[in-house]
Amino acid sequence: MLPLEGSAGPDPTSLGLKEEELRELYRLMALTRRADLEATALQRQGELAVYPPLIGQEAAQIGSAFALEESDWIFPSYRELGSAVVRGVDLVEYLAFYRATWHGGTYDANAHRFGYVSVPVASQILHAVGYAMGAKLDGISLVSLVYFGDGATSEGDFHEGCNFAAVFEAPVVFFCQNNQWAISVPVAAQTVAPIWRKAQAYGFPGVQVDGNDVLAVYQATREAAARARDEGTPTLIEAVTYRIGPHSTADDATRYRTADEVEAWRGLDPLDRYRRWLAGTGVADDSYFEAVEGETRDFAARLRAGVIASEPRPVEEMFEWVFADIPPHLARQREEALRLASEDRKDGGRG
Amino acid sequence: MAVRDFLLPDLGEGLEDAEIVAWRVAAGDPVELNQVLVEVNTAKALVEIPAPWAGVVERLHAAEGDVVEVGKPLVSIRVSEEAEEQARPKRRAVLVGYGVEEEESPAPPPSRPGSRKEEGGPVAASPPVRRLAKELGVDLAKVTGTGPGGRVTREDVTAAGSSPTGDERVPVRGVRRLTAEKMARSAREIPHVTTFLTVDASQLDAFRRDLEARLGSKVTALPVIVRAFVEILKEHRSLNASFDAAASEIVLRRDVHVGIATETERGLLVPIVRHADRLGIGALAAEISRLVEAARAGRSAPDELTGGTVTVTNVGSFGAESGTPIINHPESSILAVGVIEPRALVVDGRVEARQAVTLSLSFDHRVLDGAEAGRALRALGALLEDPSGLAALPS
Amino acid sequence: MAKALNEALRHSLAEDPRALVLGEDIGKLGGVFRVTEGLQDEFGSARVFDTPLAEAAIAGVSLGLALAGWHPVAEMQFDGFSYPALDQIISHIAKYRYRSRGRQTVPLVIRIPFAGGIGAAEHHSESPEAYYAHTAGLKVVIPASPIDAYGLLRHSIADPDPVIFLEPKSRYWSKEEGSLEAGADGSLPIGKARVVREGSDCTIVTYGAMVARSLAAASRASADGVEVEVLDLRSLVPLDLESLVGSVSRTGRAVVVHEAPLTAGFGAEVVARIVEDCFDYLEAPVLRVTGYDTPYPPATIESHYVPSVQRILAAVDRVTNY
């Protein structure tokens, strides 16, 4: 929908979004961009163990997450910090995963209806489908949106999930961010059939959308959510975007792709594109952009301070949530671990 | 404004070092938070490292081309005040994939469940002890366990065990066991010969009483005799020696550390008077007294029980006239002092009742011969019978 | 036992409106072992439904259903077909409570007919309990008799944690006298073992199909004046250390029996616990009688693989004559 350059693009009033919502989309993308850069820097400064940058994919995440109702559930993979921002998840708590503080981060998934980071590729797809089936059984009207990448479409869980969702008419939106790369494997080596078209095999619609056009993403997700909610028909959305950064801070992308390719996609930056349209249509002006810029600076500073200040969890917690009640054999182990930890502290040890 | 060191972090899952490719700042340059400081090469990637604080670059800790280890200083930055507020003790970068580096501490033994020995219940004893009990025909249920939680130990079983003839078996442990081993070794390795001399003790007795009055403290005959013996050792150094069989050498000891054989409840202990040649009789008496009391109370310090060069044993304290004492291995002689009591001695051709004491000197025949031993003993006896000689000893 | 399990599912579905039953062929067909017979007719296809043939999905979707507040009881049709679900079970089902710091819990049951001795084809006689026992966050429950199966399944469905419920399929047709309800009232919870036969000379520690076999061995031993105590573990995780230690400390001798292969089988865990906590009461080494370290053999020779009464007695003999 958004032009790359040149033409004016859609009329802002035609989208079913208020002007403040249109501006909000930009603000959310800007906060996400800034937080993502900060998180990358924090890793390079030793404050995070590892971090998978999402730079370049802001429109895909913000546009889709924004299109959902508050009661809908999001099941992320591991790169959806942008969607977490939309859902109001505290990023310090989200990044606790990457700081190796706790495997799920420390936020409450139920409070934001935003699930925990799922590392085994595609595995979260099944959880999203099961959740949607469960909601449907209760007659609750909600949509389960699950994020995954181009690589995930090769995993068995993707196919099993799509099939289950179709058979059970589960209200699921399968949102694939095709960022062109699965670590070092380009999408051309990942699959022959275009991703959006795989949906046909399962009997439900598949659409491809320009993942760097936040309005297009918003529109496509809105339709898919309505289709799921009202008809119980899933949709597969393939958002075409690009992973500007490496797979993670432990990856060297220069080994498998060219700087030219990256630069070309940088020129298609989703934030720049949207900003131009906002300014062009008069929906937002310079003072707005400056205010957002100021807000992102504060946001990043607070994020930095929060991450740096956060400490490892106490050793007791290692045993806390294995089962609802701690069984005798585990209680014994906990006793030993705590005893060693307190002796350690007395020796002024590792801490 | 303080200078903070930025240590090279682990840039990706267990890396150990990085090579400086290009500095983007120099000492003295102002830097903003997250401004790129340097480009480094790791095993995995070419990486830009951003500044963790705003401030002024104080110092670069490596040159382009150098390899820096993770955790070592990369660059020092004089931080601005706001940056200082943010800064706090640096957390050690976790080498993801390597885990946190520490040694394994051995797991403490698991806590044992409490003793289960009830009436008629199972008896606690480890499998090897059970086997021993079976071999000795000991009924575990009849044995009182002295181990933790009432466990029956090996010692308990051997103590309870009886052989078919009805003899009593007494376990030998601790001090007695050590003494037994030492005695056997001494007897095995050292060719023992003992020579005897009975000495008129009247002068000794008078001297002792005199000295006691002068010093105002108790002085028994023993410290006098020990001091006299020590005096003799100056001339007769072979008595204060050791035979080194491996080197085939006699080691004439420089120092004189006299062991005082002491009977205690736990067995025979030999506390040592160090540098007995430097002590006057009074000091010697006090020291012997102190050592013996400590030994009997079981409070000897470990270094009080080792390092002796010669030993004296007061067999007279249990009424013996003389003895054939066993040398305290690896020394070369031991002096046994018998009981001081009236004997029939020949004085000026007539038999008289005189206080007398028999001295028994066992010696290592590899180190001394009979003549030398006899001479030494004679010298000691002469000293003890000579009032001026006694008076010449330091008191 | 199949009927007892069926009743347990029926009663749970009736009393717990959030309980669901899902799996392959469990609806109309009532399950290949008839364990779910009649349930779909009674409770409808919303709560009792067949799934496509996709074990990973069955497990993963069950997790999603649990997150949405349901209590799924999912079936893996056979032990050998449960493996595609291992990633969902190990990477997620076992870890969700832990990962979410207790905010998202997984009250589901995965039922798996397991073990051999039924003359079946390859992949239909696996004993995978050690994989699940080794995964922190899962409970592992194994009934040995019909009435106990009823109680254990009901407890498992009500348990707030994920339970892997392994049903010894060779015992599906075993019968037991008694009343389910009475059995259920008196049924021991998960985490409690049961002395199914008292004895003073040796304890056989076992579970599943091997309980019956151990009882047969104990009966024979009794004729020779050796009284064997048989302890049915009932759950591997959590393990009833108290009963285990109590029994072996009393008898001083233990033999662990399971069908699964020897190396790194659950028996090794039991032996380690016995040595750690009963060392001072042991009269003899602790032995294991297990399947061999081979893939489960063809049915025509499986009787040489599965612990026989003879092999069990030989072990009992060795420890009592040590």
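Two strands are taken to pair if DSSP finds at least two bridges between them. In the predicted model examined here, this criterion is met by β1 and β2 of chain A, where three bridges join β1(A) to strand β2, residues 144-149, and the two run parallel. Within this pairing, A:Ile74 has A:Leu145 of β2(A) as its bridge partner.

The pair belongs to an open sheet of chain A, in which five strands are arranged in the order β1-β2-β3-β7-β6 with parallel pairing. Strands of a sheet pair through backbone hydrogen bonds, in either a parallel or an antiparallel manner. The edges of the sheet in chain A are formed by β1, residues 73-75, and β6, residues 206-210, each of which pairs on one side only, and from one strand to the next the twist averages 20°. Helix α10 of chain A, which spans residues 214-231, lies across β3 (172-178), β6 and β7 (235-240) of that chain, and runs at about 170° to β7(A).

Turning to the interface between chains A and C, 35 residues of chain C are in contact with 34 residues of chain A. On the side of chain C that touches chain A, at least two residues are supplied by each of the helices α3 (55-67), α4 (86-93) and α5 (96-99) of chain C, and α3(C) gives the most, with nine residues. Classified by residue type, this side of chain C comprises 17 nonpolar, 12 polar and six charged residues.

Conventions:
Residues are numbered from 1 along each chain as its sequence is written. Chains are lettered from A and ligands numbered from 1 in the order in which they are written. This is a predicted model: local features need pLDDT of at least 70, side-chain atom pairs count only at pLDDT 80 or more; totals for chains, interfaces and linings use all residues. Two residues are in contact if their C-beta atoms, placed from the backbone, lie within 7 Å. Helices (H or I, at least four residues) and strands (E, at least two) are DSSP runs, numbered from the N terminus. Ala, Val, Leu, Ile, Met, Phe, Trp, Tyr, Cys and Pro count as nonpolar, Asp, Glu, Lys and Arg as charged, and the others, Gly among them, as polar. Axes are lines fitted to C-alpha atoms, for helices over the stretch in contact, and angles run from 0 to 180 degrees between N-to-C directions.
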